[in-house]
Amino acid sequence: MEQINECIAALRKAAPDIDIMQDEPMSRHTTFAIGGPADLFVQPKTRRELAETLGVFRERGIPFLLLGNGSNMLVADAGIRGAVVCTTELDEVRVGNDCTMTAEAGALLGRVARRAQRAGLTGAEFAGGIPGSVGGAVFMNAGAYDGQMAGIVESTEYLDGNGELHTLTGEEHHFGYRRSVFRAHPDWTVVRSTLRLQQGDPAAILDKMNDFAQRRRDKQPLNFPSAGSTFKRPEGHFAGRLIEDAGLKGVSVGAAQVSEKHAGFLINRGGATCDDMLRLIELVQQRVREQFGVQLECEVRIIR
């Protein structure tokens with residue numbers, strides 16, 4: 001507790017306006033609506049505050065977790081020892097004069113896609129329904145409907161483990177299926193990215209976004225808390241189809257359930273714990289492995 005109080009004092013000195021909360025339930029900050037309290041929950045409002053915050057924690061040896069919109073994360077019921085640094089206040093989005101956009105790490109993908117549409121820029125439509133932030137999307141190369149961040153990210157500014165600012169361009173991101181160079185460097189922190197788009201017709205772009213949104217409403221259980229697709233797509237298969245063919249649609253462990261609408265989604269029907277969800281994940285993996293010889297790999301990050 002003394003170490004946490006010292007951190008709070010140091011943060012207040014470095015960034016007087018920063019938002020700091022203690023014992024903040026992570027269930028309020030993840031789309032699964034699951035997770036126990038974080039010892040310290042900090043929301044920087046500027047890039048300078050972000051750098052100052054990370055510096056304070058590193059100097060004092062306080063472990064920290066970076067959080068965007070919490071859309072791809074399952075947090076333990078015991079919570080998080082140390083700190084959570086939430087970037088949702090760093091959400092500036094700017095449209096350039098050359099078919100580019102810059103977006104800070106905490107900017108929601110839906111907002112980025114809508115801003116691009118209004119500017120008559122095409123290429124980001126796939127991101128409109130992904131409930132994540134730019135930082136998390138770059139970290140995992142988020143994608144949907146045959147689009148992915150690898151196809152539009154031109155450059156990314158990041159802070160290294162010493163708090164120094166660098167810029168990656170193009171292939172330096174090492175994008176792959178649900179991965180980027182940031183997975184190999186957990187001490188790097190995405191600050192903002194520049195997206196390269198193309199000129200398009202705003203009405204046609206909006207039609208495409210509306211089509212994607214309707215497909216999501218038709219096929220996905222958007223009325224329940226979830227982390228989207230729980231498992232990565234196994235080579236040569238679709239995770240949802242394997243789970244459905246294994247007879248697991250609607251199967252529950254506690255209040256965690258395989259969605260009856262889309263078997264690739266594990267949902268929180270209300271009051272599910274992390275333990276419920278982990279046991280359901282293990283059950284699904286076991287059944288699919290036994291019946292089809294396929295090992296499903298979690299797409300969701302599990303924070304224990």
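1. A good place to open this predicted model is Val42, which stands opposite Val85 in strand E5. The two strands involved, E2 and E5 (residues 80-86), pair in the parallel sense over 4 bridges.

2. Strand E2 also has a partner in strand E1 (residues 19-25), and here the pairing is antiparallel, over 6 bridges. If you would like one pair to look at, take Asp19, whose bridge partner in E2 is Gln43. How many residues of E2 are buried? The count is 5 of 7, so to speak of strand E2 (residues 37-43) as mostly covered is fair, with under 20% relative accessible area as the cut-off for buried.

3. Next, please turn to the open sheet of 5 strands, with the order E6-E7-E13-E11-E12 and antiparallel pairing. Strands E6 (93-95) and E12 (165-169) are at its edges; each has a single partner strand, so one side of each lacks a neighbour in the sheet. On average, neighbouring strands of this sheet are turned by 15 degrees against each other, direction ignored.

4. Within that sheet, strands E11 (residues 153-159) and E13 (residues 189-196) run antiparallel and are joined by 6 bridges. Glu157 is worth a look here, as this residue stands opposite Arg192 in E13.

5. What lies across strands E7, E11 and E13? It is helix H2 (residues 47-60), and H2 runs at about 150 degrees to E13. Strand E7 spans 100-104.

6. Now for a helix pair. Helix H3 (residues 109-118) packs with helix H6 (residues 202-219) at an angle of about 150 degrees, their axes being 8 Å apart. Because angles over 145 degrees count as roughly antiparallel, H3 is described that way relative to H6. On the H3 side, Ala113, Arg114 and Gln117 make the contact, while H6 brings Pro202, Ile205, Leu206 and Met209. By class, the residues of this contact divide into 5 nonpolar, 1 polar and 1 charged.

7. Finally, a word on Leu280, a residue of helix H8 (residues 274-292). Is Leu280 buried or exposed? Leu280 counts as buried, because its relative accessibility is 0%. Setting aside residues up to four places away in sequence, Leu280 touches Val251, Val253, Ala256, Gln257, Val258 and Leu266. As for Leu296, 16 residues separate it from Leu280 in sequence, and the C-alpha to C-alpha distance between Leu280 and Leu296 is 13 Å.

Note on methods:
Residues are numbered from 1 along each chain as its sequence is written. This is a predicted model: local features need pLDDT of at least 70, side-chain atom pairs count only at pLDDT 80 or more; totals for chains, interfaces and linings use all residues. Side-chain values use heavy atoms; hydrogens and water are left out. Buried means under 20% relative accessible area, exposed over 50%, partly exposed in between (1.4 Å probe, protein chains only). Contact means heavy atoms within 4.5 Å. Two strands pair if DSSP finds at least two bridges between them. Axes are lines fitted to C-alpha atoms, for helices over the stretch in contact, and angles run from 0 to 180 degrees between N-to-C directions. Angles under 35 degrees count as roughly parallel, over 145 as roughly antiparallel, 65 to 115 as roughly perpendicular and the rest as oblique. Ala, Val, Leu, Ile, Met, Phe, Trp, Tyr, Cys and Pro count as nonpolar, Asp, Glu, Lys and Arg as charged, and the others, Gly among them, as polar.
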